[in-house]
Amino acid sequence: MDLSYTAEELAFRDEVRAFLAEKLPKDMSDKVRRGENLGKEGHELWHSILNNQGWLSYSWPKEFGGAEWNAVQRHIFDDECAAAYAPRIVPFGLSMLAPVLHKFGSKEQQDHYLPRILDGTDWWCQGYSEPGAGSDLASLKTKAVRDGDHYVVNGQKTWTTLGQYADWIFCLVRTDPDAKQQEGISFLLIDMNTPGIEVRPIVLLDGTPEVNEVFFDNVRVPVENLVGEENKGWTYAKYLLTHERTGIAGVGFSRAGLDALKRVARVETANGRPLIENPLFAARIAQVEIDLMAMSTTNLRIISQASAGQAPGVESSMLKVKGTIIRQEINDMMRRAVGPYAMPFASETVEGDNDPIGPDYAGPVSAQYFNNRKLSIFGGSNEIQRGIIAKVKMGG
Ligand SMILES: Cc1cc2nc3c(=O)[nH]c(=O)nc-3n(C[C@H](O)[C@H](O)[C@H](O)COP(=O)(O)OP(=O)(O)OC[C@H]3O[C@@H](n4cnc5c(N)ncnc54)[C@H](O)[C@@H]3O)c2cc1C
């Protein structure tokens, strides 16, 4: 196994770097670096810049207008974007729904929805989780009953990320209440402007309404919005989740976070000396850096296997657990590094409306710390991932 980049891959990395240097707006990367929210317009702008370059659809097959990059190219791109403080690509339409439509959607659905994902006409959100159906997703209860050429949907979804921006939601619904849990589920595409839908914000620990509850009260959905076959939705749902967990290690984000932490630890002081010279703090930084290097190598090993045609298995669970622990540890150290300056006006500074008390890098630190508690919950909680690792690797 060769973990070093080929000459072609290095040339690709240079191309990405040149693109980011030229096309990533400075005010946008400043916002990302400071941990501020970009809002819908900011995300849409970044998507359109990437789309103009033909790179928004980097993981899509060529037949659907994608760049069809291999695993190494995607890794290089993600790493370079994180290092340049580019916004993350909002995944719901692009890398969750689109692969499902590529594989299971009808020709009409592909022709209609895919171009609208790329040009930003439709913002999608994910309607999987419900109260009582998170880790145990197959126990979901939102039901869809056939009535002529429509389904009538009733129930509730929750934790719907950025649902307040969404034009459409892809939903798992129960279409056969008598079948075994996994067998009575279907995958429906629902227009968020349909009468009977109500979106209610949930304010997270960081003070922002990033997630929502979505209620369905006799919502009529045309039958042509069913993806694939009725009652086969679980197959499509699982396929989507394999894409949700791709890249979840967040190596690039951790590297950028660690660089920022070191910069701050050189400026902030403890007992009159730079924090980075404090033996306890320096040891913590060293430990997380070692963990990150080890994980980065594991990540490259998995990418190398993937480019040789092997699908990642339990390794993606390992990356998820380790990657999220590292990111949360960096957030925690950053919060400690800025001390009391982490607190004032946390949510307001994230919105960029107020100047923080203290240095500008301190304002969003607490908000990031609290917000990133989510990392070990979504995409399959870390406890669930540990269960998978135990079962596969230890036969538990
Ligand atoms: C910020 C955020 C954004 C999200 N965005 C979306 C979204 O856009 N769309 C969407 O559909 N969902 C979304 N989710 C939901 C997310 O997928 C669920 O929160 C997650 O699957 C966990 O489910 P739960 O919250 O119901 O917790 P539960 O499943 O009730 O789990 C509670 C606790 O018990 C543990 N636990 C549960 N079962 C086991 C087990 N078998 N073994 C060991 N431990 C176990 C869990 O790890 C957890 O600590 C989001 C969640 C968050 C926090």
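I take contact to mean heavy atoms within 4.5 Å. The model I am working from is predicted.

**Entry: Ile388**

I started with Ile388, which belongs to helix α13, residues 382-394. I looked up its contacts, leaving aside neighbours within four places in sequence, and found Val314 and Ser317. I also checked Met318, which is 70 residues from Ile388 in sequence; the C-alpha atoms of the two are 9.3 Å apart. Is Ile388 buried or partly exposed? I noted it as partly exposed, because its relative accessibility is 31%.

**Entry: the N-terminal span**

I pulled the UniProt record, an unreviewed entry, and it puts "domain: Acyl-CoA dehydrogenase/oxidase N-terminal" at residues 6-120. I found that span to be 70% helix and 0% strand, with its end C-alpha atoms 35 Å apart.

**Entry: helix α1**

I checked the length of helix α1, residues 7-23, against expectation. At 1.5 Å a residue its 17 residues should span 24 Å, and the end C-alpha atoms are 24 Å apart, so the two agree. I then listed the buried residues of α1: Glu9, Phe12, Val16, Phe19 and Leu20. Why do I say that they line one face of the helix? Seen down the axis of α1, the buried residues fall within an arc of 95 degrees, so they line one face. I kept in mind the general point that an α-helix has 3.6 residues a turn, so residues three or four places apart point the same way.

I asked what the buried residues of α1 pack against. They pack against α3 (39-53) and α4 (71-83). On the other side of α1 I found Ala7, Ala21 and Glu22 exposed.

Two of the buried residues of α1, Phe12 and Phe19, turned up again in an aromatic cluster. I recorded its members as Phe12, Phe19, Trp46, Trp55, Tyr58, Trp69 and Phe77.

**Entry: Glu68**

I looked at Glu68, which is placed in the loop between α3 and α4. Its phi is positive, about 50 degrees, although Glu68 is not a glycine. I noted this because most residues other than glycine have a negative phi. I put Glu68 down as partly exposed, since its relative accessible area is 45%.

**Entry: the middle span**

I went back to the UniProt record, where an unreviewed entry lists "domain: Acyl-CoA oxidase/dehydrogenase middle" at residues 125-219. I found this span to be 0% helix and 47% strand, and its end C-alpha atoms lie 17 Å apart.

**Entry: aromatic pairs**

I counted ring pairs with centres within 6.5 Å and got 18 aromatic pairs. I opened the pair of Trp124 and Trp168: the ring centres are 5.5 Å apart and the planes are at 35 degrees, so I call the pair tilted. Trp124 is in strand β1 (residues 124-127) and Trp168 in strand β4 (residues 168-174), so this pair links distant parts of the chain, 44 residues apart. I found both Trp124 and Trp168 buried.

I then took Trp124 with Phe170. Their ring centres are 6.4 Å apart and their planes at 35 degrees, so this pair is tilted. Trp124 lies in strand β1 and Phe170 in strand β4, so the pair ties together parts 46 residues apart in sequence. Both Trp124 and Phe170 are buried.

**Entry: charges over rings**

I searched for charged ends over ring faces and noted two cases. Arg146 has its charged end over the ring of Tyr151, 5.8 Å from the ring centre. Arg200 lies over the face of Phe215, 4.1 Å from the ring centre.

**Entry: Asn212 and Leu162**

I looked up Asn212 and found it in strand β7, residues 211-222. I list Asn212 as buried, since its relative accessible area is 1%. Which residues does Asn212 touch, not counting those up to four places away in sequence? I recorded Thr158, Trp159, Thr160, Leu162, Gly163, Gln164, Val199, Arg200, Pro201 and Ile202.

One of these contacts, Leu162, I followed further. Leu162 is placed in the loop between β3 (150-157) and β4. Its phi is positive, about 55 degrees, although Leu162 is not a glycine. I count Leu162 as buried because its relative accessibility is 12%, and the cut-off for buried is under 20%.

How values were computed:
Residues are numbered from 1 along each chain as its sequence is written. This is a predicted model: local features need pLDDT of at least 70, side-chain atom pairs count only at pLDDT 80 or more; totals for chains, interfaces and linings use all residues. Side-chain values use heavy atoms; hydrogens and water are left out. Helices (H or I, at least four residues) and strands (E, at least two) are DSSP runs, numbered from the N terminus. Buried means under 20% relative accessible area, exposed over 50%, partly exposed in between (1.4 Å probe, protein chains only). UniProt positions are given in the numbering used here, feature names are shortened, and annotations may be inferred rather than shown by experiment. Rings of Phe, Tyr and Trp (its six-membered ring) pair if their centres lie within 6.5 Å; planes under 30 degrees apart count as stacked, over 60 as edge-to-face and the rest as tilted. A charge sits over a ring if NZ of Lys or CZ of Arg is within 6 Å of the ring centre and within 35 degrees of the ring normal. The expected span of a helix is 1.5 Å times one less than its number of residues. The arc is that of the directions from the helix axis to the C-beta atoms.
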